[in-house]
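I opened this entry to go through one protein chain feature by feature. My notes follow in the order in which I looked things up.

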Amino acid sequence: MKRHYWLPFFLGVVFFSQPARCGTIFDEEFSGTTLDPAWQVTSGPGSYSLTANPGSLRYNMVGPLTAADWSGAPSGAWTPGLELSRSFSGSDWTLDTQVTYSLNWNADAGAQRPYFVIQFGSGTGDYLAIDRGIDQWYGSNQLEAELYSNNTVAGSDYNMLDPTDTVQSNGWLLHSYTLEVQRHSDNISVSYSFDGTTFFDAFTASITPGTSGTQQVILDGTTYLSAGSYADWNYIRAGTSADNAAPEPASLLLVGLVLGGATLARVTGKRAA
């Protein structure tokens, strides 16, 4: 649901503070021409580039029959695709990422599905998978998230797609999203934004109790046939929740009005760029 915060009996316009991600676990801006050594690259069909769109990491979808495989090797004719992963530690953090998807809506190409995954602990049973998938053959066009606890879906949102994210006249879908994931012990919260300013809550759910405070971010993809589709990851930033307690000035705009004792006040959240 959209985040609205109603405050009692206030008159005027004030800039307010929102907790910000200040201290850094890691801050990946993809500003260089080579990938930070903290990233591990598992080879497979697909490629990445830091020069195709400077300031972002481009993940190129390559088929045929290439499948993301963070939860186990694909079966049958499907081949594990290129996988980029970065590990980090902590069980109380916020992670933000911004991505621009460029996907070719082509019936012959079939599935074009870039994935953003966070795998928790040392096994494969606890993970978050965010899937921006299209497949014209099946009329599929979605942005969805699933959290798995011990290989069972514990939380999900299958309706995260911006209603304006539709096929353009050139046959492509081109759209940016900002994604936020928070971990507080075993509780995982997911939210998303179409413009980087207004955020919507997807869900909060729990992974297996006692899961260790180690995890890895994974960029992956599933591609039926190559169609030139790709995802540009503009940044991935993670900071501890203790650091998030430091305020960032003017990150919230507070507007209040009192009419006959009735309160009409709302806080609109803004995230730092």
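How many residues lie between β15 and β16 in their hairpin, and which residue in the turn has a positive phi? I worked on a predicted model. I found 5 residues between the two strands of the hairpin, and the turn residue with positive phi is G196, at about 80°.

**Entry: the hairpin.** I looked up the pairing next. Strands β15 (residues 187-193) and β16 (residues 199-206) run antiparallel and are joined by 7 bridges. Within the pair, I noted V190 opposite F203 of β16.

**Entry: the whole chain.** I counted 1 helix and 20 strands. The chain has 273 residues, and 47% of them count as buried. For contacts between residues at least 6 apart in sequence, I noted that 69% join residues at least 24 apart. The accessible surface comes to about 12,300 Å², and carbon and sulfur atoms account for 54% of that surface.

**Entry: nonpolar cores.** I then asked which residues of the largest nonpolar core touch the most other members. They are L95, F116, L128, V217, W233 and I236, in a core of 44 residues. Strand β9 (residues 92-104) gives the most to this core, with 5 residues. Apart from it I found another core, of 8 residues, which includes W70, V117, Y127 and Y148.

I took F116 for a contact list, leaving aside neighbours within four places in sequence. The list holds L95, L128, V217, W233 and I236, and also T97, A129, I130, I218 and L219.

**Entry: salt bridges.** I counted 6 salt bridges. I wrote down those around R237 before anything else. R237 meets D27 with an N to O distance of 3.7 Å. This pair links distant parts of the chain, since R237 is in strand β18 (residues 230-240) and D27 in strand β2 (residues 26-28), 210 residues apart. R237 also forms a salt bridge with E29, where the closest N and O atoms are 2.9 Å apart. E29 is in the loop between β2 and β3 (39-42), 208 residues from R237 in strand β18. D27, E29 and R237 are thus linked in a network of salt bridges.

Are the members of this network buried or partly exposed? R237 is buried, because its relative accessible area of 9% is under the 20% limit. D27 is partly exposed at 38%, and E29 is partly exposed at 29%.

I also looked up the pair D232 and R58, whose side chains meet in a salt bridge at 2.8 Å, N to O. D232 lies in strand β18 and R58 in strand β5, so the bridge ties together parts that are 174 residues apart in sequence. Both residues of this pair are buried.

**Entry: a buried acid.** E144 is found in strand β12 (residues 140-149). What is the nearest side chain of opposite charge to the buried E144, and how many Å away is it? It is R113, 4.5 Å away. E144 has no salt bridge, because the cut-off is 4 Å and R113 falls outside it. Beyond four places in sequence, E144 touches R113, A129, I130, D131, D157, Y158 and M160.

**Entry: backbone in the loops.** I went to the loop between β5 (57-60) and β6 (66-67), where P64 lies. The peptide bond from G63 to P64 is cis, with omega near 5°. L65 lies in the loop between β5 and β6 as well. Its phi is near 50°, a positive value in a residue other than glycine. L65 is partly exposed, with a relative accessible area of 23%.

I noted a positive phi for N151 too, near 65°, again in a residue other than glycine. N151 is found in the loop between β12 and β13 (152-157).

**Entry: G110.** I closed with G110, in the loop between β9 and β10 (112-120). G110 is buried, with a relative accessible area of 7%. Its C-alpha is 6.0 Å from that of W137, while the two are 27 residues apart in sequence. Leaving aside neighbours within four places in sequence, I found G110 in contact with I134, D135 and Y224.

Note on methods: Residues numbered from 1 in each chain as written. Predicted model: local features only at pLDDT ≥ 70, side-chain atom pairs only at ≥ 80, totals over all residues. Heavy atoms only, no water. Helix = DSSP H or I, 4+ residues; strand = E, 2+ residues; numbered from the N terminus. Buried < 20%, exposed > 50% of the residue type's maximum accessible area, 1.4 Å probe, protein only. Lys, Arg positive; Asp, Glu negative; His and termini not counted. Contact = heavy atoms within 4.5 Å. Pairing = 2+ DSSP bridges. Areas by Shrake-Rupley, 256 points an atom, 1.4 Å probe, with all protein chains shown as cover. Core = buried A, V, L, I, M, F, W, Y, C linked by side-chain atoms within 4.5 Å.
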